[in-house]
Amino acid sequence: MKEASLENITKLFNSEIRVINLGIPIFADELKKQNVKVMSVDWRPPAGGNEKTMNLLDRIRAKKKV
Amino acid sequence: MSVKKILVRKSTYFDSVSLMRIGEAVKKESGVLNVVVGMGTDFNIDSLKRLDLFAPELNGITPNDLVIAVLADNAENAQKGAEKAEKLLTERVISKVSADYSPPTLKGAIELDALSNVVLISVPGRFAGREVRTALENGKHVMLFSDNVSVEEEIELKDEALRRGLLMMGPDCGTTILNGVPLAFSNVVRRGDIGVVAASGTGLQEVTSLIHRFGCGITQAIGVGGRDLSERVSGRMTILAAKALGADPATKVILLVSKPPAPSTEELLCSELKSLDKPIVIYFIGADSAKIKNAGFEPADNLENAAAKACELSSGTEIIQIVSNEEISKKAVKMQGRFIRGLYSGGTLCDEMQRQLLPLLGTIYSNTPVPGAKKLSDIHRSEGHTIIDLGDDDFTRGRAHPMIDPTARIERLQSEFADASAGMILFDVVLGYGSHPDMAGAMSDAIVKARKETNRNPILVANILGTDEDPQNYGEQVKKLSEIGVHVFPSNISVARFVSAVIGGLR
């Protein structure tokens, strides 16, 4: 694999941290307490947690991109 | 006679922390003897069976189904307990609705906040990969707290991140501090000029907290997930993160912390990092330090020493051991009972403690044995000298981590007190954001209760990991344990030295 560019990480080191949180809500609550900008996703298992349907949806999504 | 009340809500999802809090609240209801509120994972089903809360209606439930199981002294109280749980679950849904708008998908959140730069993912492992892909495709760095992600998927996700020049910190990454912002389980650490990369969550917490204690500070502390330096993952993120710190003008010294890497990975890492024009301190727990020195890096002997060496290179002044051997020897007391029991919430602290004590104790049992230690035949029962990691997957599947939820450790503490052969109990209290607001208080209450119930008083030793700027108040946490007679130390290695002083005399 060719050498990864450091540009995006260098940019991150010099930016205000803004977070999107998916999952345990306490992690977003803790960031809010520190006045860090955070957006929570009201996450639910996709396709009602049915992995077969979820994989099928992912395949459709991948095809759409092509 | 006790009575069970079981409710199952099909295809209903709540996160483990919310469920833990609801379970704790129901447990306080009158007449309630035990409660499990959790998703129908294998681990929770095992817990239900162990706690005599299993019932035939639970056959066939899946990890997507929610279970409320209440054991009470009579049918009325069991019913009331279950109703209380349902009420709290409904309130949780209402509070979510009334809070700031939360989009239902990551894609939606990215559209709403295009300037976001980090996505913190802690959904169950089997769903995590697809969310990571979405984040990376949209140019976002990822911190992946979820575990139960396969090594194949980890490699695929890290390669995608490398192609895009993005950080993919994880899976199973609990600690990262970016630009002074502590994410997930991290401490409030002074800004400075030491950049840290670690394939070890509590290792990263301990070194950054000690850097702060020594008066120095950090630029960034980047967690990469415990498997990053394995043969297959071959340091993909460690190398990228270290190179980024190498290119960062604010970073003067780099510190790497990990369990020993696979030999092929170590070779690759050394050749990749040699070109960096900055001093690099390396602590590979249990590894041969001569090899690291020969490769041109600065080796460290333990987590405290790693922090001290990085601070010496940063400040140019000598840093001395926090608690001297003389001081530790003075505190040593006589042990009643033959065996040592370590109940850890931090995996790296558990690992380092086993390696430190193995030469002294000869045989150690663990759920996560280091080379030379033995695997426990039943992880729920200690034998001989036992040092366990309660934060390991075996204990956390479907329930909150022991740094948030003290229940599993308190149950284990009670069994250790009931065992006359347990002479000394070691534990960690990990402070910082993400952690329990008063773990020292929770442990102190449990210790006082266990002493009363068993009329036993094994030696208790704790490492309190954290800084004076953490939200829990470091001084108060020390006081709560010290005043009930727990020997409190500020680093894992001080605890190991105290054990040496008690057992065999500290050199």
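**Exercise 1. Is Asp113(B) buried or exposed, judged by its relative accessibility?**

*Solution.* The model is a predicted one, and every value below has been computed from it. Begin with the place of the residue: Asp113(B) sits in the loop between helix 4 and strand 4 of chain B. Next, take the relative accessibility of Asp113(B), which is 9%, and set this value beside the cut-off, since a residue counts as buried when its relative accessible area is under 20%. Asp113(B) is therefore buried. As a last step, look for the surroundings of this residue: leaving out residues up to four places away in sequence, Asp113(B) touches Arg18(A), Met39(A) and Lys140(B).

**Exercise 2. Find the salt bridge between the side chains of Arg18(A) and Asp113(B), and work out where its two partners lie.**

*Solution.* First, check the distance: the side chains of Arg18(A) and Asp113(B) meet in a salt bridge with a separation of 3.1 Å, N to O. Second, locate the partners, for Arg18(A) belongs to strand 1 (residues 18-22) of chain A, while Asp113(B) belongs to the loop between helix 4 (106-112) and strand 4 (118-121) of chain B, so the pair joins two chains. Third, consider accessibility: Arg18(A) has a relative accessible area of 16% and is buried, and Asp113(B), at 9%, is buried as well. To place this pair in its setting, note that the structure holds 28 salt bridges over all chains.

**Exercise 3. Describe the salt bridges Glu272(B) with Lys243(B) and Asp351(B) with Arg355(B), paying attention to the separation along the chain.**

*Solution.* Start with Glu272(B) and Lys243(B), whose closest N and O atoms are 2.6 Å apart. This pair links distant parts of the chain, because Glu272(B) is in helix 9 (residues 263-273) of chain B and Lys243(B) in helix 8 (residues 236-247) of chain B, 29 residues apart. Glu272(B) is partly exposed at 25% relative accessibility, whereas Lys243(B) is buried, with a relative accessible area of 14%.

Turn now to Asp351(B) and Arg355(B), whose side chains meet in a salt bridge of 2.7 Å, N to O. Both residues lie in helix 13 (residues 347-361) of chain B, and they are 4 residues apart, about one turn of the helix. Here Asp351(B) is buried at 7%, and Arg355(B) is partly exposed at 24%.

**Exercise 4. Which residues of helix 9 of chain B are buried, and how are they arranged around the helix axis?**

*Solution.* First, list the buried residues of helix 9 of chain B, which are Thr265(B), Glu266(B), Leu269(B), Cys270(B) and Leu273(B). Seen down the axis of the helix, these residues fall within an arc of 135 degrees, so they line one face of the helix. The face turned away from this buried side carries the exposed residues Pro263(B) and Glu267(B). Finally, identify what the buried residues pack against: helix 8, strand 11 (253-258), strand 12 (280-284) and helix 10 (289-294) of chain B.

**Exercise 5. Where is Ala85(B) found, and which residues is Ala85(B) in contact with, leaving aside its neighbours within four places in sequence?**

*Solution.* Ala85(B) is part of helix 3 (residues 75-98) of chain B, and with 0% relative accessibility Ala85(B) counts as buried. Once neighbours within four places in sequence are set aside, Ala85(B) is in contact with Ile22(B), Val26(B), Val37(B) and Ile68(B). A further step compares sequence with space: Ala85(B) and Glu24(B) are 61 residues apart along the chain, and their C-alpha atoms are separated by 9.9 Å.

Notes: Residues are numbered from 1 along each chain as its sequence is written. Chains are lettered from A and ligands numbered from 1 in the order in which they are written. This is a predicted model: local features need pLDDT of at least 70, side-chain atom pairs count only at pLDDT 80 or more; totals for chains, interfaces and linings use all residues. Side-chain values use heavy atoms; hydrogens and water are left out. Buried means under 20% relative accessible area, exposed over 50%, partly exposed in between (1.4 Å probe, protein chains only). Contact means heavy atoms within 4.5 Å. A salt bridge is a side-chain nitrogen of Lys or Arg within 4 Å of a carboxyl oxygen of Asp or Glu. The arc is that of the directions from the helix axis to the C-beta atoms.
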